Amino acid sequence: ELQMLFGNREDFAIEAGVESRQVTGNNLWGHGCVWCQGKAIGNLAERSCLLASMRSELIWHANNLERLWEPELAERDEHAVWSFLDGMLYGYHGPVEIHDGRTSEECRRDGEKWGRFNFLNSGGEQFDGHKSFIMCPPGDSIWILSRDPANQVHSWRISRESFLAAARGFDLWFKEECRKLGVLYS
């Protein structure tokens with residue numbers, strides 16, 4: 001199976017491949033990960049993953065960069081931002097569940113406000129164990145925070161240009177693979 005790389009692993013890249021023998025109906029199966037400054041988010045060795053969810057998350061973020069910032073994040077360092085988003089969206093600070101006194105309505109409202117910062121958390125099985133958040137502060141960089149399976153939180157500032165080029169390249173490749181294999185996508 002041919003594996004493709006979109007972007008530069010030392011800034012931001014998307015690596016993926018299709019498992020053409022597993023095409024079924026409207027599903028494109030494969031494997032993938034993203035690279036931030038030489039470190040992978042996701043497990044490239046995890047096979048038979050749906051690539052559509054990975055693609056849709058990446059394209060949504062590429063098309064909505066201007067929505068990926070809130071003033072509440074500006075004065076916090078990477079650990080404080082991680083704890084804040086992890087707490088608001090998942091009720092955790094790292095591996096520790098926190099006491100959450102919010103009502104169901106408050107949790108729903110916070111999920112709507114802060115959920116857009118989730119990055120590839122529903123992008124497919126290849127991202128299991130790699131909880132990540134993405135932000136786009138004012139300027140030319142994108143800020144990605146990710147916790148790896150060993151519970152280490154990593155912080156990267158990548159170029160907006162690299163992110164957009166990789167996401168768009170991956171999207172074009174995905175669509176072409178679907179066309180070649182007769183898979184419908186939305």
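This briefing walks through a central strand, one histidine and the aromatic contacts of the structure above. Keep in mind that the model is predicted. Strand S3 spans residues 29-36, and eight of its eight residues are buried. His-61 sits in helix H1 and is buried too, with a relative accessible area of 3%. As for the rings, the structure has nine aromatic pairs.

**Strand S3 and its partners**

- Start with the two sides of S3: Trp-29, His-31, Cys-33 and Trp-35 point one way, while Gly-30, Gly-32, Val-34 and Cys-36 point the other way, and all of these residues are buried.
- Strand S2, residues 12-18, runs antiparallel to S3, and seven bridges join the two.
- Within that pairing, Gly-30 of S3 has Val-18 standing opposite.
- Strand S4 covers residues 39-41 and pairs with S3 in the antiparallel sense, this time over three bridges.
- Here Val-34 is the residue that stands opposite Ile-41 in S4.
- S3 and S4 make a hairpin with two residues between the strands, and Gln-37 takes a positive phi near 45° in this hairpin.
- Strand S5, residues 49-50, also pairs with S3 in the antiparallel sense, over two bridges.
- Trp-29 has Leu-50 as its bridge partner in S5.

**His-61 in helix H1**

- Helix H1 runs over residues 51-63, and His-61 belongs to it.
- Is His-61 buried or exposed? Its relative accessible area is just 3%, under the 20% cut-off, so His-61 counts as buried.
- The His-61 side chain reaches the backbone oxygen of Glu-57 at 2.8 Å.
- Which residues does His-61 contact once its neighbours within four places in sequence are left aside? They are Leu-68, Arg-116, Asn-118, Phe-119, Ile-134 and Phe-163.
- Two of those contacts, Phe-119 and Phe-163, turn up again among the ring pairs below.

**Aromatic pairs**

- There are nine aromatic pairs in the structure, and one of them joins Phe-6 and Phe-170, with ring centres 6.1 Å apart.
- The planes of Phe-6 and Phe-170 lie at 70°, so this pair is edge-to-face.
- Phe-6 is in strand S1 (residues 3-7) and Phe-170 is in helix H4 (residues 160-181), so their pair ties together parts that are 164 residues apart in sequence.
- Both ends of that link are covered: Phe-6 is buried at a relative accessible area of 11%, and Phe-170 is buried at 0%.
- Phe-119 and Phe-163 have ring centres 6.3 Å apart and planes at 50°, so this pair is tilted.
- The link from Phe-119 to Phe-163 also joins distant parts of the chain, 44 residues apart: Phe-119 is in the loop between helix H3 (104-114) and strand S8 (132-135), and Phe-163 is in helix H4.
- Phe-119 and Phe-163 are both buried.
- Ring pairs also build a cluster out of Phe-6, Phe-170 and Trp-173.

**Charges over rings**

- Arg-9 lies over the face of Trp-35, and the distance to the ring centre is 4.9 Å.
- Trp-35 brings us back to S3, where this residue points the same way as Trp-29, His-31 and Cys-33.
- Which ring does Lys-131 lie over? That would be Tyr-90, with Lys-131 at 4.2 Å from the ring centre.

Technical notes
Residues numbered from 1 in each chain as written. Predicted model: local features only at pLDDT ≥ 70, side-chain atom pairs only at ≥ 80, totals over all residues. Heavy atoms only, no water. Helix = DSSP H or I, 4+ residues; strand = E, 2+ residues; numbered from the N terminus. Buried < 20%, exposed > 50% of the residue type's maximum accessible area, 1.4 Å probe, protein only. Polar contact = N/O pair within 3.5 Å; in protein donor to acceptor, adjacent residues only side chain to side chain. Contact = heavy atoms within 4.5 Å. Pairing = 2+ DSSP bridges. Phe/Tyr/Trp six-rings, centres within 6.5 Å; stacked < 30°, edge-to-face > 60°. Lys NZ or Arg CZ within 6 Å of the ring centre and 35° of its normal.
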